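Grab a pencil and have a go at a few short exercises. Try each one with the viewer open before you read the solution.

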Amino acid sequence: METLTSTKNNVKLVQQAFDDFLKGKIPAVVDACADDMEWSSYENPDVPYAITYHGKSGAAEFFKTLSETVNYLRFEPQQFISEGDDVVVLGHHTATVKSTGKTFDHDFCFIFKIRDGKLRRFFAYVDTRDQGRAFK
C-alpha cells in the first residue's frame with residue numbers, strides 16, 4: 001500500500017510542477033526540486049537550454065534560458081506513467097524560437113526521478129534535430 005501511495009504522490013508532484021510551469025509559477029517548480037537536482041537533455045550546441053543543469057539554481061537557469069529563447073504555442077503533457085520513484089510524462093509541444101521566428105513541433109518524453117518528495121532528476125527526450133533546425 002505504501003508503494004501505491006508513494007507512486008500517486010510522485011505523479012501528483014510532477015503534475016503540480018507542470019501546472020505551475022503552465023501558469024508561469026517558475027519559483028514553485030524550482031522549489032519542488034531537490035537541492036542536488038540534475039536537469040538535463042541530450043546536449044545540442046544549437047539549442048541554448050539543451051545542456052545539463054545542477055541544483056535549484058541550475059533549474060532556475062534552465063527556465064530563464066527557455067523563456068528568453070522560445071515562446072510556447074502549445075505545451076501539453078498528455079500521459080503520466082509511474083513506477084516506484086520514476087514518473088514518465090508523454091506529451092507534445094510547439095514553440096517558436098524568438099531569434100529566428102522558426103517553429104519546432106513534436107512529441108516529448110520526460111522522465112523524472114523523485115526522492116524524498118522532491119524532483120531529483122529530470123531528463124527530456126525531445127526531437128533535437130527539429131529543435132536545432134528551429135534555432136538556425
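The exercises below go from the overall fold to single residues, and the model they use is a predicted one.

**Exercise 1. Work out how many helices and strands the protein has, and in what pattern they come along the sequence.**

Start by counting: there are four helices and six strands. Next, walk along the sequence, and you get α-α-β-β-α-β-β-β-β-α.

**Exercise 2. Decide what the radius of gyration says when set against a compact globule.**

Step one is the expectation: for 136 residues, a compact globule would come out near 14 Å. Step two is the value for this protein, 15 Å, which agrees. For the extent along the principal axes, the C-alpha atoms fill a box of roughly 50 × 30 × 25 Å.

**Exercise 3. Describe the surface and the charges of the protein.**

Begin with area: about 7400 Å² is exposed, and carbon and sulfur atoms supply 50% of it. Then turn to charge: there are 17 positive and 20 negative side chains. Finally, compare where the two sets sit; their centres lie 3 Å apart. As for what is hidden, buried residues make up 43% of the 136.

**Exercise 4. Find the largest nonpolar core and say which helix gives the most to it.**

The largest nonpolar core has 37 residues, and W39, Y49, F110, F112 and L119 have the most contacts inside it. Helix α1, residues 2-22, gives the most to this core, with six residues. Now zoom in on F112 and skip residues up to four places away in sequence: its partners include V14, F18, V89, L119 and F122. F112 also touches charged company, including D85, D86 and R121.

**Exercise 5. Is V11 buried or exposed, and what does it touch?**

First, place it: V11 is in helix α1. Its relative accessibility is 15%, and the cut-off for buried is under 20%, so V11 counts as buried. Beyond its neighbours within four places in sequence, V11 contacts F80, S82 and V87. For a distance check, take D35, 24 residues along the chain from V11: the two C-alpha atoms are separated by 20 Å.

**Exercise 6. Do the same for S40: buried or exposed, and with which contacts?**

S40 is found in strand β1, residues 33-41. At 6% relative accessibility, S40 counts as buried because the value is under 20%. Setting aside neighbours within four places in sequence, S40 is in contact with I51, T52, F122, F123 and A124. To finish with contacts across the whole protein, residues 24 or more positions apart account for 51% of those with a separation of 6 or more.

Notes. Residues numbered from 1 in each chain as written. Predicted model: local features only at pLDDT ≥ 70, side-chain atom pairs only at ≥ 80, totals over all residues. Heavy atoms only, no water. Helix = DSSP H or I, 4+ residues; strand = E, 2+ residues; numbered from the N terminus. Rg over C-alpha atoms; globule rule 2.2 N^0.38 Å. Buried < 20%, exposed > 50% of the residue type's maximum accessible area, 1.4 Å probe, protein only. Contact = heavy atoms within 4.5 Å. Areas by Shrake-Rupley, 256 points an atom, 1.4 Å probe, with all protein chains shown as cover. Lys, Arg positive; Asp, Glu negative; His and termini not counted. Charge placed at Lys NZ, Arg CZ, Asp CG, Glu CD. Core = buried A, V, L, I, M, F, W, Y, C linked by side-chain atoms within 4.5 Å.
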